[in-house]
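These entries record what I looked up about how the parts of one protein chain meet. I began with a single side-chain pair and worked outward from there.

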Amino acid sequence: MNAELKTYCIIGDPIDHSFSPAIYNAAFNSLGLNCTYIAFRVQKDELRDSLDSLRAINIGGFNVTMPHKIKVLNYVDYYDKTVEMVGAANTVNNDHGKFRAYNTDVIGFIKPLHERKISFNGFNVLILGAGGAARAIVVALAHEKGIANINIFNRNTDGSEKLSNMIKKMGLESSIVSNNNIQQVASKSHLIINTTPLGMKNEKSLINSTNIRTDAIVYDIVYKPINTDLIKNAKTAGAEVVYGYEMLLKQAIASFKIWIQKDPPLDSMKKVLFGMFGEPV
Ligand SMILES: NC(=O)c1ccc[n+]([C@@H]2O[C@H](COP(=O)([O-])OP(=O)(O)OC[C@H]3O[C@@H](n4cnc5c(N)ncnc54)[C@H](OP(=O)(O)O)[C@@H]3O)[C@@H](O)[C@H]2O)c1
């Protein structure tokens, strides 16, 4: 380890739940890199000052999480086309003093579906939630061929309208789902994706097991606990599940590649993650 120490971090609020330091430090150690990764709690009104400080200490790069994914774009020097489409970033690289922003949630979300060789032909998709992660997911799905429609349920209807309009602008069919027809729409959906935080505190899922098709794919991007109520309902229904930790790992791999220009060791990252919450059963 002769190279100069490089520091990476994640900024957000709350941040004490973050698995990112453990995942990235495992990867750095495994590759023998003189790099370290830490978590900083940055409150809403501290973003600008925090970014100035990160520039001053010559941070190698950083991840951005709630509530800064959108606002961070005001303080970076460059962002790519994907960030522009999503309107939010989760990764920033310090390229010789210039902050370049990326969104690896897009690739992080779609990779586990590509690995399962899913054909989206004729798919009715139901997305629960309309926040930053949902926007990244919609951008990922817009690149797939054959999707029939993407239905949006959000507790705040302004949010569902905005996301539904974004989908239509990308050339896909989209409808807004209400409390009255959510179960009925779920029962016709081939892919159900939860992007709300519901499940993190063991809350009941918005979708009952009786309204999940046996041939459906149910993807919960909540990663802790691994088996959320929605995942349990999907298993009861005999559907295929995609766990939130899969997206977490894939987006982390993509961020690592942006910073280090190398593939991280997936096994070390997985090992440390499962050490924290056990392997999925
Ligand atoms: N696995 C991964 O790699 C990964 C990546 C990114 C995010 N995530 C997880 O995804 C979740 C959402 O992240 P985000 O960045 O999209 O957050 P966000 O921008 O704040 O959006 C949150 C969404 O969830 C809805 N929501 C919040 N609380 C709710 C509740 N109690 N009941 C129903 N809906 C609720 C919000 O609805 P309103 O519009 O009505 O407020 C909004 O649509 C978080 O749990 C985050 O940890 C996971």
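**Notes on the domain interface**

I first looked up K250 and E115, whose side chains form a salt bridge with an N to O distance of 2.7 Å. I note that the model is predicted, and I read the distance as a computed value.

I then checked the domain bounds. Domain 1 comprises 6-103 + 250-277, and domain 2 spans 106-242. K250 thus falls in domain 1 and E115 in domain 2. I searched the interface for salt bridges and the rule returned one. For polar contacts between domain 1 and domain 2, I recorded two residue pairs.

Next I asked which elements give two or more residues to the side of domain 1 that touches domain 2. I found helix 3 (81-86), helix 9 (244-260) and helix 10 (266-277). By residue class, I entered six nonpolar, five polar and one charged for that side of domain 1.

I turned to the overall arrangement. The C-alpha centres of domain 1 and domain 2 are 26 Å apart. To the contact, domain 1 gives twelve residues and domain 2 gives 15 residues.

Last, I looked up the area. Between them, domain 1 and domain 2 bury about 1200 Å², and carbon and sulfur atoms account for 74% of it. Which three residues supply more than any other three of the area that domain 1 buries against domain 2? I recorded M85, V86 and K250, which together supply 45% of that area. K250 therefore appears twice in my notes, as a partner of E115 in the salt bridge and among these three residues.

Conventions
Residues are numbered from 1 along each chain as its sequence is written. This is a predicted model: local features need pLDDT of at least 70, side-chain atom pairs count only at pLDDT 80 or more; totals for chains, interfaces and linings use all residues. Side-chain values use heavy atoms; hydrogens and water are left out. Domain bounds come from an automatic or database domain assignment. Contact means heavy atoms within 4.5 Å. Buried area is the accessible area (1.4 Å probe) that two parts lose on being put together, summed over both. A salt bridge is a side-chain nitrogen of Lys or Arg within 4 Å of a carboxyl oxygen of Asp or Glu. A polar contact is a pair of N or O atoms within 3.5 Å; within protein, one must be able to donate a hydrogen and the other to accept it, and residues adjacent in sequence count only if both atoms are side-chain atoms. Helices (H or I, at least four residues) and strands (E, at least two) are DSSP runs, numbered from the N terminus. Ala, Val, Leu, Ile, Met, Phe, Trp, Tyr, Cys and Pro count as nonpolar, Asp, Glu, Lys and Arg as charged, and the others, Gly among them, as polar.
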